[in-house]
Amino acid sequence: MEANADQVDSSRAAWQTTSIKIERIRRRIYTTSGFLDDAAAEQTAGVVSSTFVQNGRILSPRTKECRPGNSAPSRATLKEGDLAVVLVRRVGDSALVTAEHAGCTATRSIGIIRAEPHIVRWLRIWLQTPTAKAHIDEDVTTHVEPTISLGTLHRMLFPLPPPDVVTAYHRAFGLIEGMTALYQETARKAVELADALHDDWASAIPPGETRPLAKVAKPKTGKGSERSLPPLPAEPTTDVTDVIAPRDLYDLPVPHVQSFRLSSPANEGDAHPPGTLMLSTRSDGAHIAVPSRPATPLRGVVAVRPNEDEDGWWLLHELRSRSSDITRLAQGQNGREISAGALKRLEVTWPDRFTRTDFHTMADSLHAMARLLVAKIATLHTLRDALLCDISAKAGVLREPTTEPEEQSAPAPRPTAGPASRGMTGNDRPDP
């Protein structure tokens, strides 16, 4: 009971307002950034760019080749426990560096924050809050791409709860992210299994059993752009339709999507029913989604509806298997202009009705599992967002501390090493 009472008292304690600038003076936090070009991450093993910092994790496929002994450590060398913050494009996204990525080198699109564990853990959470995002948006420059400087992070005020409160939040967010990753991987495997079943069945079908897509489905090119969308009603309403732009289909872990970021009044445009395949292209192939709600495609997206609903799963996996063929039908820079007219000419493998029906029965359970997991992920995202809003509310209005740390009156010598638990090498240095 005493332990619980202590935790309650700690959670109710006032959260100290501070900043990275203040914590640097207290010798509790150090920052720097990478210096390599982002292109190096694609060409060189063990290099991490902003592209690979996503969803609280570092996803670089080549980080397993990182070895601290491969090259001399520098200020851009990541260490376990660092916070890697995206400075370009998806500004403010961040990830804690694990042992798997220790020894990798960061590019200049990555800022590195090194401090005591509870501070970096808290900053990773705080940077996701509405308050932090709003502050970052105010300082973003967009001469070429959205960019923030380390100076923005240095000046940004943030609340710092007691370490035990940070630990509780860190555990909660870690569990949410872990469950999300597990659900995503399971859903992806379910769809990949359906892909494999399709490929196996298609390989046994005689070569002559093909049809032009126009004979088995109705493709329709989307129209309009994001800027042309009508405004939504001022009052909250459920009478809206999802709107799909090409970029909303890129890099989806599975084709099933709970909802999309854009919407328009339900009586605007030509909405397609749930289950319609939404397809766009890029140089790396075709990207397809199966919306669970009525949706309207914009320019660059083609809605493909099978003539028979029971052919939906066969058509989906057939189009996924023809990704490179579809891209060759696209026009424009990087193959991003696909049209219904071009898709109509695509030859697809089309077995007899009995085979398609049997495949539908087998694949339907796999897709039902994937849809359920996508719904669970959406629930986890809602929980995460509620926690982040609650943190912003608890922080309240952040104001500059009324008194500066005592150390500010007598500047401390520039440190040559970081916190004792990890430290920095002689070649690592904090930014001035």
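Helix 4, residues 117–126, is mostly covered, with 8 of its 10 residues buried. The model described here is predicted. The buried set in helix 4 consists of His118, Ile119, Val120, Trp122, Leu123, Arg124, Ile125 and Trp126. Both Trp122 and Trp126 are on that list. So is a charged residue type, Arg124.

Part of the setting of helix 4 is helix 12. The axes of the two helices come within 10 Å and cross at roughly 105 degrees. An angle of 65 to 115 degrees counts as roughly perpendicular, and helix 4 and helix 12 are therefore roughly perpendicular to each other. Three residues of helix 4 take part in the meeting: Trp122, Ile125 and Trp126. On the side of helix 12, they meet Leu388, Ile391 and Ala395. Trp122, Ile125 and Trp126 are buried as well.

Trp122 has a further role in the ring pairs. It is linked with Trp15 and Tyr169 into a cluster. Trp122 thus appears both in that cluster and in the contact with helix 12.

Stay with helix 12, which spans residues 353–395. Ala393 also lies in this helix. Its relative accessible area is 58%, so Ala393 is exposed. The C-alpha atom of Ala393 is 8.9 Å from that of Thr131. Along the chain, these two residues are 262 residues apart.

Now turn to Phe359, another residue of helix 12. How many aromatic pairs does a search of the whole structure find? There are 5. A pair of aromatic rings is described by the distance of the centres and the angle of the planes. Trp201 and Phe359 form one of these pairs, with 5.7 Å centre to centre and 70 degrees between the planes. The arrangement is edge-to-face, because planes over 60 degrees apart count as such. Trp201 sits in helix 7 (residues 163–203) and Phe359 in helix 12, so the pair ties together parts that are 158 residues apart in sequence.

Are the two partners buried or partly exposed? Trp201 has 21% relative accessibility and counts as partly exposed. Phe359, at 1%, counts as buried. The cut-off for buried is under 20%, so Trp201 at 21% does not meet it.

Phe359 has a second aromatic partner, Trp314. This pair is also edge-to-face, with 5.2 Å centre to centre and 85 degrees between the planes. Trp314 belongs to helix 9 (residues 312–321) and Phe359 to helix 12, so the pair ties together parts 45 residues apart in sequence. Trp314 is buried, at a relative accessible area of 0%.

What surrounds Trp314 within its own helix? In helix 9, 8 of the 10 residues are buried, so this helix is largely enclosed by the rest of the structure. Those residues are Gly312, Trp313, Trp314, Leu315, Leu316, His317, Glu318 and Leu319. Glu318 and His317 are thus among the buried residues of helix 9.

One more ring deserves a look. Tyr250 has Arg282 over its face, 4.3 Å from the ring centre.

Finally, step back to the whole protein. Its secondary structure comes to 12 helices and 20 strands. Of its 432 residues, 45% count as buried. Among contacts with a separation of 6 or more, 78% are between residues 24 or more positions apart. The protein exposes about 21900 Å², and carbon and sulfur atoms supply 53% of that area.

Key. Residues are numbered from 1 along each chain as its sequence is written. This is a predicted model: local features need pLDDT of at least 70, side-chain atom pairs count only at pLDDT 80 or more; totals for chains, interfaces and linings use all residues. Side-chain values use heavy atoms; hydrogens and water are left out. Rings of Phe, Tyr and Trp (its six-membered ring) pair if their centres lie within 6.5 Å; planes under 30 degrees apart count as stacked, over 60 as edge-to-face and the rest as tilted. Helices (H or I, at least four residues) and strands (E, at least two) are DSSP runs, numbered from the N terminus. Buried means under 20% relative accessible area, exposed over 50%, partly exposed in between (1.4 Å probe, protein chains only). A charge sits over a ring if NZ of Lys or CZ of Arg is within 6 Å of the ring centre and within 35 degrees of the ring normal. Contact means heavy atoms within 4.5 Å. Accessible areas come from the Shrake-Rupley method with a 1.4 Å probe; for residues, only the protein chains shown count as cover. Axes are lines fitted to C-alpha atoms, for helices over the stretch in contact, and angles run from 0 to 180 degrees between N-to-C directions. Angles under 35 degrees count as roughly parallel, over 145 as roughly antiparallel, 65 to 115 as roughly perpendicular and the rest as oblique.
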